[in-house]
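The following exercises are to be worked with the sequence and the structure at hand. Each task is followed by a solution in steps.

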Amino acid sequence: MPEIRNLSIRNFRGIAYLDWDPHPGMNAIIGPGDSCKTTILEALDLVIGSRRGSFTDADFHQLNTGDPIVIDVTIGDLPKEVLNLEAYIRFLRGYLWGLVFDEPRDGTEPVITVRLKVGEDCEPTWCLFSERVDPADLPRDIRGDHRALISAQRIGANVGQHLAWGPRSVLTRLSEKRDGLAAVLAKANRAARQDFRIEDAEDLRPAVNSARTVAKDMAVAGALDAEAALDARAVNVSNGAIALHDGRGVPLRALGIGSSRLLAAGLQAAAAAAIPILLLDEAEHGLEPHRIARMLQHLGSKAECAAQQIFLTTHSPVVLRELSAEQLWVVRRSADDVVKLHDISGIEGAKGLLRSHPEAFLSPTVLICEGATEIGLCRGIDIYETGQGKEGMALYGVSLADGTGTNQWKTACDFQRVGFRVGLFRDSDAAVPALEGEFLQKGGTVFAWREDQSFEDELFACLPLSLIPKAIQIADRLRSIETVNESLGSAGVRKEDRDRIRTKPTDADRRTLAKASGGKRGWFKRIDIAEDLARSVLNVDVMTDKCSLTDVIDAI
Amino acid sequence: MVTTDDLLTAERGIVVAPAGCGKTRLLVDTVLASSGERTLVLTHTRAGVAVIRSRLADHSVKSTQCRVATLDNWCGWLASRFPGLSGYVPTGTTRDYQTAQFGAKKVLSSSAIQAAVRATYDRVLVDEYQDCSGLQHEIALALAEVVPTIAFGDPLQRVFDFDRAMPDWANIVEAYRTSWTLDFPWRWENAGELDFGKWILRQRVALEAGRQIDFRSGPPNVRWIQLPTDTRQHRQINLEAVPHPSTKTSVFVLTHKAKTPERREFARQGIRLAVVENADLPDLMTRAAQLQEVRGRSRIELLLDLAHEVMTGIDVAGTLARIDALEKGTARNPAHAEERALIGLAMGADPAELAAILQTLAKARYVFRPDLLESFCDAARLANGERTLKEAAAYVRDRRASLGRKVAPRAVGSTLLLKGLEADHTVVIDADSMKATDLYVAISRGARSLTVVSASPLLPVVR
């Protein structure tokens, strides 16, 4: 099936410049508000979709009508008709590894570029583009019937049209014969006129009778037996008049937004053979999570070899969870409106994060936490702070992500590379890799305990003695008393001392407790436990100045 | 017997097609039988293109279903559309076919182009394959790698205007893996002379094997006339060998390709033979160049010279002397209409005048180079302020070439000029100088009779 190999946009709305090579199959575009996600779908729709729309000065980047709007869509895996040398020899180009060669050299894939250009007069022109064709020549567009072979359908806010047989609807595409529609409409018109009986319109009888009388008086022979009937001109069953209805005769466009879209999307998938490219605004719009999953799977999110190339925008972690890293693109718009899309499969651990913390990909700032403890701590603090009426992480667009231990460095750098503001919250008991330098240089922030201190070291070193019992209680409750006892034992605490440590710990016990609670299977190494700990123990302004935890809280 | 089905199912193959055995018919039938598919037909001359196109048009084959082009033309088209890959940029009038062919070969080596070729054509048919140069053969093979390709040709019809190295026929046949040979002489069967046709096919086998033909032992259709050693008698014998104009049948007189002036002189003898012109009409171009700028008396002289070249009964020197005398007022007789028109020519500059005078002169005379006369007159009438006579001539030449050649029913030409064409009767004069290929092309033109005039009854002469 035809697939878009490259999209290039110049001077269109919020985009000064964009050059993007999407993937086959699913392409989900995510990014902060105003990052031009919708503009990208709009651009595709304008060039190979509806081609509708009138242009105004506002469609030019920064209202600069001096530079034309140019949108180039380069399409590969071309159908035979478009690959035809006799028809398109001047326009065949080559594509290989993100490069478009104007001439299809050996090893490249033959592609063509469809261009939309809007000049100062705001008049759009569509044509095929290649550097070999002199721009002074009359621009040549692709043939209408060939255009359908490489076209896109958009499911936007208005899906009603897709549930009726209209000029561009999916149902029309699905109907075997295109001209069959006209025949059906004509037949319906005829049937409507035949079915109209005067008996059903007794109220009109007097008027008909007086008309007959007048005809008689005036000797208009042709009108003597006048009858009321439907005027063929008035009854006009036209395009879009035939729509899908449910069993009770209610038109399906009356369905909820979600159902309508689901149905439309399903129809699109069924029409994949006729419509190679699908554009879907706000994939999650009007759908519950289970229906989102269903729809995405139906559209081929899990397919090895996708039947259609799909472009969608989303703000929903539920959608993200259904997708793989290769299917996700993060949009970034620079200060000078150069828009870039980053494929997140390059991010270390992206696969796991999509399942565990999909939100991370949807926010501008990510705080990479070394592990469960750190995530829990941050969450707990956030909940506490928000509870205190202070501004939480959400307001600052911060999401948490699990860096899964030592991988966190790579993850942090990768996130940074694709344009996130990144913070890293790490434990200090492991060696700091070389990557930290790079990370910091690029504006990343690292939150950490003091040198060589693990969280547990820091916790029990800084916690006021009065709060230590509370911390142990949390561990007792959420792990189990036995587990806590066991680790106390292995840290050298005698049986008879356990109760004393639980109730009246002394400064001398701090190191023992740090040792007991730490290690591979530490007490707080679970998100919920750490969260609880942070919420109920580390909440008050009890930290000493030695505790770097305050830095983290302040930063957040 | 090879059928269109054989050709439609073959990945590649070659049809060896002796003259008159229905090659063009088979080719056209193959296109017709491949309904719904797209065929590319490549040949060598524009005349060949015209013949195939008109046959396809007879069966209302749409141009979208079949493209017919010369190999040079198609290569030029392909190469010029990808200048970066081919390194070929057309330079306008003087097209460098060699560069275009090299370019096309490079373009075809791209996998992306190959995919496009595959999407564009379902089958390629290459006609007159024996005329393929080594490079053209390579291009055809490059196409064969991508699309089912069938070649049509006959190694015994390899005649050229100059000597060039050609790919070995055995290698060509091997490259196409499957080969079929047409073996039914349709041309003769249709004329009711099947035995004559079979005899010619047998002689072809002999020539192919390097043996000689003995023209004394042919069927009744074959006549051999011996040339005596006294060359003064040759012209008369040759002239007498040509059937009389009253027979109302078509006649080709064939000579060795190098003997162009001899053919013209032969035609001038008034036995109603028209000279077959070269496809690129070199004489038209020279004459147009000469007459384009010239004024005054030279204009009259050059025009008379052209008239003498194409028709009988023009006395250049005598007419010029008369005109001089008329101008000086020393002439005894007053000027007649032709002379007045010629004198007027010295004053004018309009090319159309040249056409008018030539037409007037031709009325009372026998024109033996009608193609040259007609094309010159066409060019002279087309020339105007925007188009010089030379440009008009080039236009006329190209248009005639793309329309295909129509040869007069009684024509004299070389084997090169008449190959592929058919007449009722053939007269081969000057047969002693012919090689096997020339000889085969010459003897296979006539459907009803063959007359060979030569010193030796055994041809070709062993050197």
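**Exercise 1. The contact between the chains**

How many residues does the contact take from chain A, and how many from chain B?

Solution. The model is a predicted one. Step 1: counting each side of the contact gives 19 residues from chain A and 15 residues from chain B. Step 2: assign the side of chain A that touches chain B to its elements; α2 (80-83), α3 (85-88) and β7 (109-118) of chain A each contribute at least two residues. Step 3: sort the residues of that side by character, which yields 9 charged, 6 nonpolar and 4 polar.

**Exercise 2. The overall form of chain B**

Determine how many helices and strands chain B has, and why it may be called as compact as a globular protein of its length.

Solution. Step 1: the secondary structure of chain B amounts to 22 helices and 14 strands. Step 2: for 463 residues the globule rule gives 23 Å, and the radius of gyration of chain B, 25 Å, is close to this value, so chain B is as compact as a globular protein of that length. Step 3: along the principal axes, the C-alpha atoms of chain B fill a box of roughly 80 × 60 × 40 Å. Step 4: 44% of the 463 residues of chain B count as buried.

**Exercise 3. A parallel sheet and its helices**

Establish the strand order of the open sheet of 6 strands in chain B, and identify helices that pack on it.

Solution. Step 1: the order is β3-β2-β4-β5-β1-β6 (chain B), and the pairing is parallel. Step 2: β3 (66-70) and β6 (179-181) of chain B pair on one side only and are therefore the edge strands. Step 3: within the sheet, β1 (residues 12-16) and β5 (residues 149-153) of chain B pair over 5 bridges, with B:Gly13 opposite B:Ile150. Step 4: helix α3 (residues 46-58) of chain B packs on the sheet, where it touches β2 (39-43) and β3 of chain B. Helix α8 (residues 134-146) of chain B also packs on the sheet, touching β1, β4 (123-126) and β5 of chain B.

**Exercise 4. The two faces of a helix**

Which residues of helix α14 (residues 282-293) of chain B are buried, and why do they line one face?

Solution. Step 1: the buried residues of α14(B) are B:Asp283, B:Leu284, B:Arg287, B:Ala288 and B:Leu291. Step 2: viewed down the axis of α14(B), they fall within an arc of 125°, so they line one face of the helix. Step 3: the face turned away from the buried side of α14(B) carries the exposed residues B:Pro282, B:Thr286 and B:Glu293. Step 4: the cover over the buried residues of α14(B) includes α15 (297-310), α18 (351-363), α19 (370-382) and α20 (389-403) of chain B.

Definitions and conventions: Residues numbered from 1 in each chain as written. Chains lettered and ligands numbered in written order. Predicted model: local features only at pLDDT ≥ 70, side-chain atom pairs only at ≥ 80, totals over all residues. Contact = placed C-beta atoms within 7 Å. Helix = DSSP H or I, 4+ residues; strand = E, 2+ residues; numbered from the N terminus. Nonpolar A, V, L, I, M, F, W, Y, C, P; charged D, E, K, R; others polar. Rg over C-alpha atoms; globule rule 2.2 N^0.38 Å. Buried ≥ 20, exposed ≤ 12 C-beta atoms within 10 Å, placed from the backbone. Pairing = 2+ DSSP bridges. Axes fitted to C-alpha atoms, helices over the stretch in contact; angles between N-to-C directions. Arc of directions from axis to C-beta.
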